[in-house]
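Dear colleague,

Please find below the structure that I am handing over to you. My notes on its salt bridges and its largest pocket follow.

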Amino acid sequence: MNELIHFQPLYQDRVWGGQALAQNLGRPLPSGRVIGESWEIVDRPEAQSVVRGGSFDGQTLRAVLGKAGDVIMGPDWPGDRPFPILVKWLDCRERLSLQVHPPARVALSLKGEPKTENWYIAGTLPGSVLLVGLEPGVTRETFEQALATGSAEACVRRVPVSPGDSLLVRSGTVHAIDAGNLILEIQQNSDTTYRVYDWGRSGLDGKPRPLHVTESLASILWDEPPPSLVKAGKGSTVLADCPEFRIRRVPLIAGGRFVVSADEQPRILSVVSGQLTVAPPAQGVVNRGENVLLPRSGVFTFTAATETTLLVTENFVG
């Protein structure tokens, strides 16, 4: 199958969202809504990506994998298996809740799903940070005391960030994204989030959002070291390499090429700056902000129209 698979974005209202996807990515956003997330590639019972253009135009990702999972994912791909990766843009106009996703060893008992995720920082405001991992010496007991006194923020590491930085956040790591960040999140196919603290905020309905303190405390890995930030750079590098996926950053000069061969593995290509043209010619262009699925059986040559940075997500088919 020698064609890219493009998807229509699914926009999600979030109390902390804004209009950055329109301002930074040129997206025509729905009017009168507070958009915090754009689900770019998703295959879940409650949310399905719909293909835009090509042979599968108008069909859901689930239907496409049911029909052509062998050529897209590989010959041994079960037709009823969900796509393993969820890709989102996050417009963090305000700070997100302090939260945690359950690690695999406790997710089942909590009736949740593990969620390891990677954040690529596409844009920031001055002073933007990430709140990720516990400060040295913070125990479950001291953290619970901080929650009771409204001082939980002091227990979490503050990580200053700049555009182009990247951070792998594994399940079990307590975290929050601060205001002013525009982030491409590439994660396991999961939507389990336990809020442990929400800064006294009300939701879009004017009521306090539910907290999941018991589940959060059971999910936090208290003795795990905090993740390390991968700083922005000009060379090719691996941003994340974990059992769930690998993400590579590939910078291209104007006219530079990125070639994908057939019969290797499916990949997701995300253009975080610049623009690509694609051969065969019928494939057109991939603009900044777009995330496309490259079938395993496809052969593609991407050429940078301008100086371009792309992320390549792979190794998600076990």
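A salt bridge is counted here when a side-chain nitrogen of Lys or Arg is within 4 Å of a carboxyl oxygen of Asp or Glu. By that criterion, R14, E37, K88, K115, E117 and E185 are linked in a network of salt bridges. Please bear in mind that this is a predicted model.

Salt bridges

Across the whole structure, the search finds 24 salt bridges. Three individual pairs are described below.

In one pair, the side chains of E290 and R52 meet with an N to O distance of 2.9 Å. E290 belongs to the loop between β21 (285-287) and β22 (291-294), and R52 to the loop between β6 (50-51) and α2 (61-72), so this salt bridge ties together parts that are 238 residues apart in sequence. E290 is buried, at 15% relative accessible area, whereas R52 is partly exposed, at 39%.

In another pair, R246 and E314 form a salt bridge through their side chains, at 2.8 Å from N to O. Because R246 is in strand β17 (residues 245-252) and E314 in strand β24 (residues 308-314), the contact joins parts that are 68 residues apart in sequence. How accessible is E314, buried or exposed? E314 counts as buried, with a relative accessibility of 1%, because buried means under 20% relative accessible area. Its partner R246 is partly exposed, at 24%.

The remaining pair consists of E153 and R158, whose side chains meet in a salt bridge of 3.1 Å, N to O. E153 is partly exposed, with a relative accessibility of 32%, and R158 is also partly exposed, with a relative accessible area of 46%.

The largest pocket

The largest pocket has a volume of about 490 Å³. Which residues lie nearest its centre? They are R14, E37, T193, R195 and R209, and the lining comprises 28 residues in total. Of these five, R14 and E37 also belong to the salt-bridge network described above.

Several strands contribute to this lining: β2 (10-18), β7 (85-92), β9 (117-123) and β13 (175-177) each supply at least two of its residues. By class, the lining of the largest pocket holds 11 charged, 10 nonpolar and 7 polar residues.

In reviewing the model, you may wish to begin with R14 and E37, which are named both in the network and among the residues nearest the centre of the largest pocket.

Yours sincerely

Technical notes:
Residues are numbered from 1 along each chain as its sequence is written. This is a predicted model: local features need pLDDT of at least 70, side-chain atom pairs count only at pLDDT 80 or more; totals for chains, interfaces and linings use all residues. Side-chain values use heavy atoms; hydrogens and water are left out. Helices (H or I, at least four residues) and strands (E, at least two) are DSSP runs, numbered from the N terminus. Buried means under 20% relative accessible area, exposed over 50%, partly exposed in between (1.4 Å probe, protein chains only). On a 1 Å grid over the protein atoms alone, a cavity is a set of points where a 1.4 Å probe fits but cannot get out, and a pocket is an open set with protein on both sides within 12 Å along at least five of seven lines; lining residues have an atom within 4 Å of a point. Grid points are joined across faces, edges and corners, and a volume is the space filled by probe spheres set on the points. Ala, Val, Leu, Ile, Met, Phe, Trp, Tyr, Cys and Pro count as nonpolar, Asp, Glu, Lys and Arg as charged, and the others, Gly among them, as polar.
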